[in-house]
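Please look over the sequence and the model below before reading on. The paragraphs that follow go through a metal site and then through pairs of charged side chains.

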Amino acid sequence: MIIGSHVSLSAPDYFLGSVMEALSYNASALMIYTGAPQNTFRKNVSDFRIDEARRLLSEAGISDYSVIVHAPYIINLANTTKPETFELAVDFLKQEIDRTRSIGAKVIVLHPGSHVNAGEEIGLERIIEGLNLALVDNDDIEIALETMAGKGSELGYKFEHLAYIKNSVIKSNLIKVCMDTCHMSDAGYDVFEFDRLLDEFELVVGLEHLRVIHLNDSKNLPGARKDRHANLGYGELGFDFLHKVASHPRLALVPKILETPYVNDQPPYCQEIKMLRSGIFDDWLST
Ligand code: FE
Ligand code: FE
Ligand code: ZN
């Protein structure tokens, strides 16, 4: 089971600290933001302690495809109203691609974007235009578009959006997908018919393009379009379902990443990873 969580990247150890945090959870994968997710200020990668971090990764046998970078959510390639927002998004994504290469990772997860008031078609075209610009000098780092809950004017709440973007981008081979269990349920997919969902994904996008799974429970009922993550087994999806996804044979090679909420300012990932590996839910939040 390739499993890990979101981990922090902060002073003084930066990427080395991220890897150490992941190893402390017994994780075999990890996901980082290269700085605060809500802004575009970034430390220079020369401070990241990359060599030491990579030594730890290779000792632990963690693959470069299991080290995931998540682009900050303020990046909105679908913005048609403010040219500065679009330019900033393209420019930041280019830098993020370079940072990802510097740390030796291969995949960046990106929220496709929100069209604000322009409508879905125009938003999708803008995303394609932005990705084409951002990928000009890149031939190796992949962008995994995330399945979204569909709150507000978010695009990417159906597989068809992601397939359309992928098939329209010039460097189509670099466009991949990240499935988020909370988001898919919120978007109205019947995730409990999980094999049928995988068949649909296979038909629309292709399972070989699935690079990451965000494994989250949801605070809301299917179709709520809210995007509120819950701890595993404490939401509407339930532990059995999430364990089924984590251990599904068709997804064995896809890294699963937890983005569940902290509990009393403490990360829940050690307990959650342990439960997923064992397949046994222990009601740790009630005790
Ligand atoms: Fe995300
Ligand atoms: Fe997610
Ligand atoms: Zn989410």
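In this predicted model, the donor residues of the iron ion (ligand 2) follow the sequence spacing E-x33-D-x33-H-x44-E. The last two of these, His214 and Glu259, link distant parts of the chain, since His214 belongs to strand β7 (residues 210-215) while Glu259 sits in the loop between β10 (256-258) and α9 (269-278), 45 residues apart. Both His214 and Glu259 are buried. The protein donors are Glu146 (OE), Asp180 (OD), His214 (ND1) and Glu259 (OE), at 2.1 to 2.2 Å from the iron ion (ligand 2), and the angles among these 4 donor atoms run from 83 to 171°, leaving the site irregular. Glu146 also serves as a bridge between the iron ion (ligand 2) and the iron ion (ligand 1), the two ions lying 3.3 Å apart.

Turning to charged side chains, the structure contains 15 salt bridges. One of them pairs Glu129 with Arg126, with the closest N and O atoms 3.2 Å apart, and both residues lie in helix α4 (residues 120-134), separated by 3 residues, or about one turn of the helix. Arg126 counts as buried because its relative accessibility is 18%, under the 20% limit, whereas Glu129, at 36%, counts as partly exposed.

Another salt bridge joins Asp139 and Lys171, whose closest N and O atoms are 3.1 Å apart. This pair links distant parts of the chain, with Asp139 in the loop between α4 and β5 (142-146) and Lys171 in the loop between α5 (159-168) and β6 (175-180), 32 residues apart. Asp139 counts as exposed, with 59% relative accessibility.

Conventions:
Residues numbered from 1 in each chain as written. Chains lettered and ligands numbered in written order. Predicted model: local features only at pLDDT ≥ 70, side-chain atom pairs only at ≥ 80, totals over all residues. Heavy atoms only, no water. Donors = N, O, S within 2.8 Å, 3.2 Å for Na, K, Ca; no water. Tetrahedral: all angles 85-135°; square planar, octahedral: opposite > 155°, others 65-115°. Helix = DSSP H or I, 4+ residues; strand = E, 2+ residues; numbered from the N terminus. Buried < 20%, exposed > 50% of the residue type's maximum accessible area, 1.4 Å probe, protein only. Salt bridge = Lys/Arg side-chain N within 4 Å of Asp/Glu carboxyl O.
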